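Let's work through a protein model together, one exercise at a time. Have the structure open beside you as you read.

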Amino acid sequence: MTDISASDGTLMARALQLATKGEFTAYPNPMVGCVVAKDDEVVGEGWHHRAGEAHAEINALQAAGAAANGAVAYVTLEPCAHHGKTPPCVDALIDAGVARVVVAMQDPFPAVAGRGIEKLRQAGIHVSVGLMQAEAEALNRGFVSRVTRQRPFVQLKIAASVDGAIAMRSGESQWITGPEARADVQLLRARAGAIMTGIGTALADDPSLTVRAGAIDIGDRQPLRVVLDTDLRMPASARMLTLPGDTLICCTGRHNTAALEAAGAEVRSYADAGGMVDVAAVLADLAGREINNVLVEAGPRVAGYLLEKDLVNELVIYQAPHIMGSQTIGMFETPGWTRLADRRQLDITDVRRIGQDTRIIARIAAHAGH
């Protein structure tokens with residue numbers, strides 16, 4: 001990109017910053033920011049607030065007004081060229097008379113996928129593509145995963161002691177981490193389109209799996225609650241079935257679902273060859289429902305299964321500064337791992353204090369046996 005200047009980088013960084021303002025509200029659409037500048041001076045800014053409302057480019061152009069004529073538009077995602085819930089953004093950019101458009105990343109969505117860039121060029125507008133592309137892709141990693149892999153980005157959250165325990169052997173686990181860490185989990189939930197757990201956790205803890213009221217403003221949206229329940233043991237009296245939002249219960253085979261459905265749950269069968277819930281099929285179904293990000297809050301059996309099947313993209317481990325001893329339950333149940341080659345390599349991307357606890361974020365790398 002020989003046509004990129006230092007000021008282009010500064011203005012695109014601002015557009016990326018604006019995009020994050022839609023972090024909890026744009027879902028399931030990607031987060032997008034736009035800056036309109038003339039002679040390197042910002043004349044308009046905008047971001048995509050929520051699905052169904054104006055896109056970032058439209059908001060920025062409206063803020064710029066007549067000053068958009070002859071200006072440069074910096075946008076974090078390729079402007080759309082199709083009619084969805086709103087008109088195409090490329091038409092608005094062309095009509096506003098912008099002289100140049102700088103795009104961080106091409107939109108992987110098939111209805112766009114280069115068409116917006118091509119239409120701008122056909123209109124005589126100079127287009128530069130790829131400035132801060134990695135940052136733009138990271139911002140919408142769930143959207144990119146859903147569109148390109150037909151699978152949401154899967155984040156596995158675990159709260160554990162320094163010696164790796166998530167509960168006493170009796171099942172006692174509240175609370176291992178402090179209030180600051182638990183508040184941070186609310187942010188993880190707010191970013192997710194779905195929260196997944198196993199039936200063991202559902203029966204033992206009767207969790208809500210919701211974003212706590214007042215924790216963060218996500219409008220009237222609640223993440224879809226997903227329960228992996230092979231033999232359909234979920235009680236119709238479960239607390240999550242009484243709360244706002246939808247619940248999907250994933251089982252195998254034929255069961256009497258009447259009571260759960262009467263309580264408001266959706267029940268579907270996803271059986272794999274081993275008679276267990278096929279979680280890969282569940283994730284594919286969630287992608288079809290426009291779920292970009294899945295947060296898993298489950299016990300060691302589900303956590304171990306997901307790791308073994310290479311279905312986890314990222315781990316978020318809240319490590320509390322205490323030792324729970326030997327009469328405990330560990331983070332992962334992986335009976336099939338018997339060799340050192342079975343281990344999973346982690347790429348730790350962030351470590352920081354959250355109250356008295358330590359939060360470790362790590363991506364899952366290829367394991368030694370591959």
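The exercises below go from sheets to turns, then to charges over rings and a pocket.

This is a predicted model, in which local features need pLDDT of at least 70 and side-chain atom pairs count only at pLDDT 80 or more, while totals for chains, interfaces and linings use all residues. Residues are numbered from 1 along each chain as its sequence is written, and side-chain values use heavy atoms, with hydrogens and water left out.

**Exercise 1. Trace the sheet of 5 strands and find its edges.**

Step 1. Begin with the terms: helices (H or I, at least four residues) and strands (E, at least two) are DSSP runs numbered from the N terminus, and two strands pair if DSSP finds at least two bridges between them.

Step 2. Read off the order, which is E2-E1-E3-E4-E5 in an open sheet with mixed pairing.

Step 3. Look at the ends: strand E2 (41-47) and strand E5 (126-129) each have a single partner strand, so one side of each lacks a neighbour in the sheet. Direction ignored, neighbouring strands of this sheet are turned by 15 degrees against each other on average (axes are lines fitted to C-alpha atoms, for helices over the stretch in contact, and angles run from 0 to 180 degrees between N-to-C directions).

Step 4. Check two pairings. Strand E4 (residues 100-103) runs parallel to E5 over 4 bridges, with Val-101 opposite Val-127 in E5. Strand E1 (residues 33-38) and E2 are antiparallel and joined by 6 bridges; Lys-38 has Glu-41 in E2 as its bridge partner.

**Exercise 2. Do the same for the sheet of 9 strands.**

Step 1. The order of this open sheet is E11-E10-E9-E8-E12-E6-E13-E16-E15, again with mixed pairing.

Step 2. Its edges are strand E11 (266-269) and E15; each has a single partner strand, so one side of each is left without a neighbour in the sheet. From one strand to the next, the twist averages 20 degrees.

Step 3. Follow E16 to its two partners. Strand E13 (residues 314-320) pairs with E16 in the antiparallel sense over 6 bridges, and E15 pairs with E16, also antiparallel, over 8 bridges. Ile-360 in E16 stands opposite Ile-317 and opposite Val-351.

Step 4. For a parallel case, take E6 and E12, joined by 4 bridges. Phe-153 has Asn-293 in E12 as its bridge partner.

**Exercise 3. Which residues in the turns and loops have a positive phi, and where is a cis peptide bond?**

Step 1. In the hairpin of E15 and E16, with 2 residues between the strands, Gly-355 has a positive phi near 65 degrees.

Step 2. The hairpin of E1 and E2 also has 2 residues between its strands, and Asp-39 in the turn has a positive phi of about 55 degrees. Asp-40, in the loop between E1 and E2, has a phi near 65 degrees, a positive value in a residue other than glycine.

Step 3. The cis peptide bond joins Tyr-27 and Pro-28, with omega about 5 degrees. Pro-28 is in the loop between helix H1 (6-19) and E1.

**Exercise 4. Which charged ends sit over rings?**

Step 1. Apply the rule: NZ of Lys or CZ of Arg must be within 6 Å of the ring centre and within 35 degrees of the ring normal.

Step 2. The charged end of Arg-182 sits over the ring of Trp-175, 4.4 Å from its centre. Arg-221 has its charged end over the ring of Tyr-27, 4.9 Å from the centre.

**Exercise 5. Describe the second largest pocket and its lining.**

Step 1. Define the pocket: on a 1 Å grid over the protein atoms alone, where a 1.4 Å probe fits, it is an open set of points with protein on both sides within 12 Å along at least five of seven lines; lining residues have an atom within 4 Å of a point.

Step 2. There are 34 lining residues, with Glu-23, Ala-138, Leu-139, Arg-141 and Arg-191 nearest the centre.

Step 3. The largest share of the lining, 4 residues, comes from H7, which is helix 179-191.
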